[in-house]
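Grab a coffee and work through these short exercises with the structure open beside you. Try each task before reading its solution.

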Amino acid sequence: MPGSAKKRTPGRFITFEGGEGSGKSTQIQLLADRLNGADHRTIVTREPGGSPGAEIIRHLLLSGMGKLLGDEAETLLFAAARDDHVQHVIKPALDRGVWVLCDRFTDSTQVYQGKLGNVSPGLINALERVTIGDLKPDLTLVLDVPAAVGLARAIKRRGAVAPDRFEQESFEFHEKLRDAYRQLANESPARCVLIDANADAETVAGRVWDAVRQRLFAPALNETARA
Ligand code: Z5A
C-alpha cells in the first residue's frame, strides 16, 4: 500500500579479522545466530572465497600454488577472488538489506601481503580501489590472541591433516601478524574494535556483541530517542 511500506533497514557489513586460530569462524556464527534471533537477515561468508568463482581461487591459494607465482601474482589472485565475491555476493546482499558477516576482507591483504609480505602499498591500495571502490565495512572486529594460543587451537583442530600454505609460516611470522593487526586496529579506531579473544568462546561472544551494539545499534537508538 503506498505510503505504508515499512522503511527497510539498510544492510550492514561486518568483517572479522585476526591471526590463525583466533576464533573468527566460531564468533562469526555466534554473532549470526544472535542477529538472526533479533530478526536481522544475515549471511556468513569468507575470504578468500565466498562465491563459486572465488572458492576456486581459494583452493589455488591455500594449496600454495599462488605463492609459487610470486608475491605480486599471489596478491592479484586474492584481488580477483575479492572482486568476484563483492560483485556476486556482498553488494547484492547489502542492497537487499541483508547483514553481511565476512570472515576476513581487505585488512587481511593489508596485513599478510602488505605489512608482512613484500608487496608495495601502491599495488595493494590500487587493487583495493578497483575491487571494492567505496565499499568499506561498517565495523571490523579484530580478534586478538597470543600467537601461541591461536596456533595451539589450530593445530588441535587440524589433527593429522597437512598444514596449508599459511599454517606453514613460522612462529615469528604469527607473532608479527598479531602486532600488525593490533597496529591496524589502533590506526582505524572509527571502524575497528580490538577484541580480547583469549577467553572461552561464550565470553568472547559477549565482547563481540557489546561492540556490535555500541557501534551499530547505539547510534540508531540515540536517533530514535532524539526524534
Ligand atoms: N589471506 C591473505 O593472505 N590475504 C587475504 O587477502 C585474505 C586471506 C582474505 C585463509 O585461511 C588464509 O588466507 C589466511 C590468511 C590468508 N591464513 N591464515 N592463517 P583460512 O580461511 O583457512 O583460515 P583462517 O582465516 O586463518 O582461520 P582459521 O585458522 O580457520 O581460524 P579462525 O576462524 O580464526 O578460528 P576458528 O575456526 O573459529 O577456531 C579454531 C579452533 O579453535 C577450532 O577448533 C575452535 O573450536 C577453537 N576455538 C575457537 N574459539 C575458541 C576459544 N575461545 N577458546 C578455545 N578454543 C576455541
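**Exercise 1.** Work out where aspartate 210 and arginine 213 lie and how their side chains meet.

*Solution.* Start with the location: in this predicted model, both residues lie in helix α9 (residues 201-226). They are three residues apart, about one turn of the helix. Next, look at the side chains: they meet in a salt bridge, 3.0 Å from N to O. Finally, check accessibility: aspartate 210 counts as partly exposed at 35%, and arginine 213 counts as partly exposed at 42%.

**Exercise 2.** Find out which parts of the chain are tied together by the pair aspartate 138 and arginine 12.

*Solution.* First, the contact: the two side chains meet in a salt bridge of 4.0 Å, N to O. Aspartate 138 sits in the loop between α6 (121-132) and β4 (139-144), while arginine 12 sits in the segment before β1 (13-18), so the pair ties together parts that are 126 residues apart in sequence. Aspartate 138 is partly exposed, with a relative accessible area of 33%, and arginine 12 is partly exposed too, at 25%.

**Exercise 3.** Place arginine 178 and aspartate 144 in their elements, then look for a network.

*Solution.* Step one: the side chains of arginine 178 and aspartate 144 form a salt bridge (2.8 Å, N to O). Step two: arginine 178 belongs to helix α8 (residues 171-187) and aspartate 144 to strand β4, so this pair ties together parts 34 residues apart in sequence. Step three: arginine 178 is partly exposed at 27%, but aspartate 144 counts as buried at 7%. Step four: Asp144, Arg178 and Arg182 are linked in a network of salt bridges. For context, a search of the whole structure finds 13 salt bridges.

**Exercise 4.** Why does arginine 58 have no salt bridge with glutamate 55?

*Solution.* Locate arginine 58 first: helix α2 (residues 52-63). Its nearest side chain of opposite charge, glutamate 55, is 4.4 Å away. A salt bridge needs the nitrogen within 4 Å of the carboxyl oxygen, so this pair doesn't count. Arginine 58 is nevertheless buried. Leaving aside neighbours within four places in sequence, arginine 58 contacts Arg46, Glu47, Pro48 and Gly49.

**Exercise 5.** Which atoms of the ligand do threonine 109, arginine 153 and alanine 199 approach?

*Solution.* Take them in turn. A polar side-chain atom of threonine 109 lies 2.6 Å from a ligand oxygen. For arginine 153, a side-chain N or O atom is 3.4 Å from a ligand nitrogen. Alanine 199 uses a backbone N or O atom, 2.7 Å from a nitrogen atom of the ligand. Overall, the protein covers 83% of the 1,100 Å² of accessible area that the ligand has on its own.

Notes:
Residues numbered from 1 in each chain as written. Predicted model: local features only at pLDDT ≥ 70, side-chain atom pairs only at ≥ 80, totals over all residues. Heavy atoms only, no water. Helix = DSSP H or I, 4+ residues; strand = E, 2+ residues; numbered from the N terminus. Buried < 20%, exposed > 50% of the residue type's maximum accessible area, 1.4 Å probe, protein only. Lys, Arg positive; Asp, Glu negative; His and termini not counted. Contact = heavy atoms within 4.5 Å. Polar contact = N/O pair within 3.5 Å; in protein donor to acceptor, adjacent residues only side chain to side chain. Areas by Shrake-Rupley, 256 points an atom, 1.4 Å probe, with all protein chains shown as cover.
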